[in-house]
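Biologist: I have this protein open on my screen and would love a guided look at one part of it. Could you pick out a single helix and tell me how its side chains sit against the rest of the fold?

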Amino acid sequence: KHCSGKDSIRMRLFKNNYKKKGTKKMEILKTKNQNDKASTLYNMMHGSTRGALKDFDGDQMEIANFVIYTDTNQEGELMTCVTLREPDGTMWTTNGATFVRDFSMIVEACERCGEELTAIKIVEGKSKKGRTFRTCEMVE
């Protein structure tokens with residue numbers, strides 16, 4: 001009984017800190033495959049095998065699946081993220097605002113026209129402050 005009391009106090013402290021930071025639950029906004037298993041979605045959002053999109057070596061990516069979701073950063077701020085899965089199972093993730101915006105627009109265009117999103121072109125750009133960033137374009 002003593003241990004469970006400590007655990008419940010820890011949980012209450014965690015929940016109070018969670019609320020204080022203004023964090024919200026993770027939410028899936030959009031995914032390519034609506035019938036994915038829970039393990040697939042979990043790995044796409046939290047798996048340790050995901051690579052950072054900035055490390056992707058190539059200019060075009062074949063897409064077997066994607067998930068657009070919200071999560072919180074270490075400061076408790078809400079951010080939108082994208083994870084892309086290639087046909088071989090390799091996964092790439094980013095929370096870069098430009099990439100998330102452009103990828104979301106591509107997804108919406110494909111949905112409106114009834115086309116399947118199968119590949120994107122990865123493009124590098126430079127911000128006004130000289131920082132390199134990645135975004136994407138549609139592949140015809």
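Modeller: Happy to; what follows is a walk along helix α3, with a short look at the aromatic rings.

Please keep in mind that this is a predicted model. To set the scene, the protein has 3 helices and 8 strands, and from the N terminus their order is α-β-α-β-β-β-β-β-α-β-β. Of the 140 residues, 33% count as buried. Among contacts with a separation of 6 or more, 53% join residues 24 or more positions apart.

Now to the helix itself. Helix α3 covers residues 97-113. Is its length what you would expect? Let us put it as a sum: what should 17 residues of α3 span at 1.5 Å a residue? The expected value is 24 Å, and the end C-alpha atoms are 25 Å apart, which agrees. Just after α3 comes G114, and its phi is positive, near 70 degrees.

Which residues of α3 are buried? They are F99, V100, D102, F103, I106, V107 and C110. An α-helix has 3.6 residues a turn, so residues three or four places apart point the same way. With that in mind, look at F99 and F103, which are 4 residues apart, about one turn of the helix. The cover over the buried residues of α3 includes strands β1 (27-31), β4 (65-72) and β5 (78-85), along with β6, β7 (119-126) and β8 (132-138).

The aromatic rings deserve a look of their own. The protein has 3 aromatic pairs. In one of them, the ring centres of F56 and W92 are 5.4 Å apart and the planes meet at 85 degrees, so this pair is edge-to-face. F56 sits in the loop between β2 (51-52) and β3 (60-62), while W92 belongs to strand β6 (residues 91-94), so the pair links distant parts of the chain, 36 residues apart. F56 counts as buried at 6% relative accessibility, and W92 is buried too, with a relative accessible area of 14%.

Back on α3, the rings of F99 and F103 have centres 5.9 Å apart and planes at 10 degrees, so they are stacked. Both of these residues are buried, and together with F66 they form one aromatic cluster.

For the outside view, the protein exposes about 9,700 Å², and carbon and sulfur atoms supply 50% of that area.

Note on methods. Residues numbered from 1 in each chain as written. Predicted model: local features only at pLDDT ≥ 70, side-chain atom pairs only at ≥ 80, totals over all residues. Heavy atoms only, no water. Helix = DSSP H or I, 4+ residues; strand = E, 2+ residues; numbered from the N terminus. Buried < 20%, exposed > 50% of the residue type's maximum accessible area, 1.4 Å probe, protein only. Contact = heavy atoms within 4.5 Å. Areas by Shrake-Rupley, 256 points an atom, 1.4 Å probe, with all protein chains shown as cover. Phe/Tyr/Trp six-rings, centres within 6.5 Å; stacked < 30°, edge-to-face > 60°. Expected span 1.5 Å × (residues − 1).
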